[in-house]
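Hi,

Here is the structure I promised to send over. Have a look at it first, and then read on for what turned up.

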Amino acid sequence: MPTFSWTTHFWGDFLTNWWFMLCGILFGGASILWMYILKHFPLNMAYPMASMSYVFALLFAIIFLHETVAWNRWLGVAFIMIGCVFVAK
């Protein structure tokens, strides 16, 4: 991406950037999926399950980015998963 400016060249490059378009498509898909979930599940059950994205992000970082994770983050993941179990029952 070029340095920000209010020129048509910048905005043309910005709006035709493939990464930006992919992010917009994925965000739109996630929004549609979220509307579908809210239509079929109560909010007090669906919203806490959204915290599972933190668990998936941690697993992604370990598997694909080979990051090390401190014990306190594993404790946080355990609390998130325990909370989701309680909400699901």
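Does Met-81 count as buried, partly exposed or exposed, going by its relative accessibility? Met-81 sits at 40% relative accessibility, so it falls in the partly exposed class, since that class covers whatever is neither under 20% (buried) nor over 50% (exposed). Before you lean on that value, bear in mind that this is a predicted model. Met-81 belongs to helix α5. If you want a distance to go with it, the C-alpha atoms of Met-81 and Leu-43 are 18 Å apart in space, with the two positions 38 residues apart in sequence.

Staying in helix α5, which spans residues 71-88, you will also find Trp-74. Trp-74 has a relative accessible area of 38%, so this residue is partly exposed too. Trp-74 is also one of the residues in a nonpolar surface patch of about 750 Å². The other members of that patch are Phe-56, Leu-59, Phe-60, Ile-63, Phe-64 and Leu-65. Helix α4 (residues 52-65) gives the patch its largest share, with six residues.

Next, the loop between α4 and α5, which is where His-66 is placed. His-66 is worth a click for its backbone: phi is positive, about 55 degrees, although the residue is not a glycine. Most residues other than glycine have a negative phi. As for the surface, His-66 has a relative accessible area of 67%, so this one is exposed.

Now the pocket. The largest one has a volume of about 160 Å³. Its lining is made up of Ala-30, Leu-33, Trp-34, Ile-37, Phe-41, Met-45, Ala-46, Met-49 and Ala-50. Two elements, α2 (18-40) and α3 (43-49), each give two or more residues to that lining. The largest share is from α2, with four residues. What classes of residue line the largest pocket? Nine are nonpolar, and there are no polar and no charged residues in the lining.

Finally, helix α1 (residues 8-15), where Asp-13 has its place. Asp-13 comes out as partly exposed, with a relative accessible area of 31%. The C-alpha atoms of Asp-13 and Ala-57 are separated by 30 Å, and these residues are 44 apart along the chain. Phe-14 is in helix α1 as well. At 21% relative accessibility, Phe-14 also counts as partly exposed, because the buried class needs a value under 20%. From Phe-14 to Leu-65, a separation of 51 residues along the chain, the C-alpha distance is 27 Å. Leu-65, you may recall, is one of the residues of the nonpolar patch.

That's the tour.

Cheers

Definitions and conventions:
Residues numbered from 1 in each chain as written. Predicted model: local features only at pLDDT ≥ 70, side-chain atom pairs only at ≥ 80, totals over all residues. Heavy atoms only, no water. 1 Å grid on protein atoms, 1.4 Å probe; cavity = no way out; pocket = protein on both sides within 12 Å on 5 of 7 lines; lining within 4 Å. Points joined across faces, edges and corners; volume = space filled by probe spheres on them. Nonpolar A, V, L, I, M, F, W, Y, C, P; charged D, E, K, R; others polar. Patch = residues over 30% accessible without salt bridge, like charges linked within 9 Å, V, L, I, M, F, W, Y side chains within 5 Å. Areas by Shrake-Rupley, 256 points an atom, 1.4 Å probe, with all protein chains shown as cover. Salt bridge = Lys/Arg side-chain N within 4 Å of Asp/Glu carboxyl O. Buried < 20%, exposed > 50% of the residue type's maximum accessible area, 1.4 Å probe, protein only.
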